[in-house]
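Let's take a walk through this one together, starting with a bit of vocabulary and then moving from the ligand out to the sheet.

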Amino acid sequence: MRDWREAWQAALYGPGGFFARGEQPSAHFRTAPVIGRELAEALVELLGRVDTALDHPAALDFVDVGAGGGELAQAVRESAGGDLGRRLRVTAVELAPARPTEGVRWRRDLPERVVGLLVGHEWLDAVPCRVATVHNGLLLPVLVDTQGNEAPSGSLTEAEGDWLARWWPLAGEGARAEVGSTRDAVWATAVAGVAAGAALAVDYGHLAADRAAGRFPDGTLTGYLAGRQVAPLPDGSRDLTAHVALDACAEAVGTGADTVLVAQHAALAALGMSGGSPAAALAATDPLAWLAASARAGRIAELRARDGLGRFGWLLHATGGVRATDLLPSLPAWQP
Ligand SMILES: C[S@@+](CC[C@H](N)C(=O)[O-])C[C@H]1O[C@@H](n2cnc3c(N)ncnc32)[C@H](O)[C@@H]1O
């Protein structure tokens, strides 16, 4: 048996692991980049605002961390036109085998210096964590084997104990939680690499008040396989994922960036993706245009659904003299 973080890491990224062997996320769960181009178009609008705030640098980066099959990076590449498109450098950062795509540079590690927009779309939920539980009144890490048998054993580090006390206090025998300090660390590192511009994490997650209120007594770790939610066995057969404590990630970045945490449905509307069905009269004059506009409205509605993807959090940090309100106007705080 080994602790959940090691088991999760090996199951996804170790030799023969789920992502390491090239399983495509889109074959197992539906994410916004595979719905259509609308998320990419919204991000190109955001990138345009970053470009304006930076006074149009000679080279403008779009970096997609945890790029999966590269759908988002490719769609951003194709959606960005004009002068911005000519100055744009698109990079996909991915541990899994690269999917070479025209105009997109692939790499396994973060670029050293980003001027532009770095995005982690459903990246942080795939970053492994330790799992902790209350056992005989003590807070212990949970060990697991590849069949999913578990045992609480060993000890948490002081930093992990502090993280739980601050962000996810566990009360009651058997209560368990994912220790999000690993996500905080990778996110803070990614944001630190943005010399000027913005970094955006888009993910499903939870907030401290809900965690402390015991809304997730068993934690949120789960598995996905071929479109179905399945038990989280760390045997390499399936994706493993858990909600992201986006408020903790926000604080880990510190005060060097100007930060907002808002809901996807509101952020997309602020970037011009408000949807709305086409006028009925168009169906008579141009039926194909009406069909295309209706399909687009349906995709935007899916991205903005408040009981679905619209509930995702957008954690946006502006850096290098850029203000978050230059990029997204004042929006209500995220309430997942
Ligand atoms: C849930 S998938 C999301 C894929 C894509 N962004 C999307 O939304 O469809 C997470 C991806 O992050 C990648 N990943 C996880 N940790 C990574 C890291 N440290 N560097 C690069 N890629 C990573 C995984 O290999 C996987 O492809």
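A polar contact here is a pair of N or O atoms within 3.5 Å. Keep that cut-off in mind, and also that what you're looking at is a predicted model.

With that in hand, go to the ligand. A backbone N or O atom of Leu-95 sits 3.3 Å from one of the ligand's nitrogen atoms, so the pair falls within the 3.5 Å limit and counts as a polar contact. Trp-123 brings its side chain instead: an N or O atom there is 3.2 Å from a ligand nitrogen. Thr-31 also uses its side chain, with an N or O atom 2.6 Å from an oxygen atom of the ligand. How much of the ligand does the protein bury? On its own the ligand exposes 590 Å², and the protein buries 92% of that. In total, 15 residues surround the ligand, and the closest are Tyr-13, Thr-31, Gly-66, Glu-94 and His-121.

Now for the sheet. It's an open one with seven strands, mixed in pairing, and its order reads E4-E3-E2-E5-E10-E15-E14. At the edges you'll find E4 (104–107) and E14 (258–263), each pairing on one side only. Ignoring direction, neighbouring strands are turned by 15 degrees against each other on average.

Zoom in on E2 (residues 60–65) and E5 (residues 114–121): these two pair in the parallel sense, over four bridges. Val-63 is opposite Leu-118 of E5.

Finally, look for helix H9 (residues 246–253). This helix lies across E10 (194–203), E14 and E15 (313–319), and runs at about 5 degrees to E15.

Terms used:
Residues numbered from 1 in each chain as written. Predicted model: local features only at pLDDT ≥ 70, side-chain atom pairs only at ≥ 80, totals over all residues. Heavy atoms only, no water. Pairing = 2+ DSSP bridges. Axes fitted to C-alpha atoms, helices over the stretch in contact; angles between N-to-C directions. Contact = heavy atoms within 4.5 Å. Near = heavy atom within 4 Å. Polar contact = N/O pair within 3.5 Å; in protein donor to acceptor, adjacent residues only side chain to side chain. Areas by Shrake-Rupley, 256 points an atom, 1.4 Å probe, with all protein chains shown as cover.
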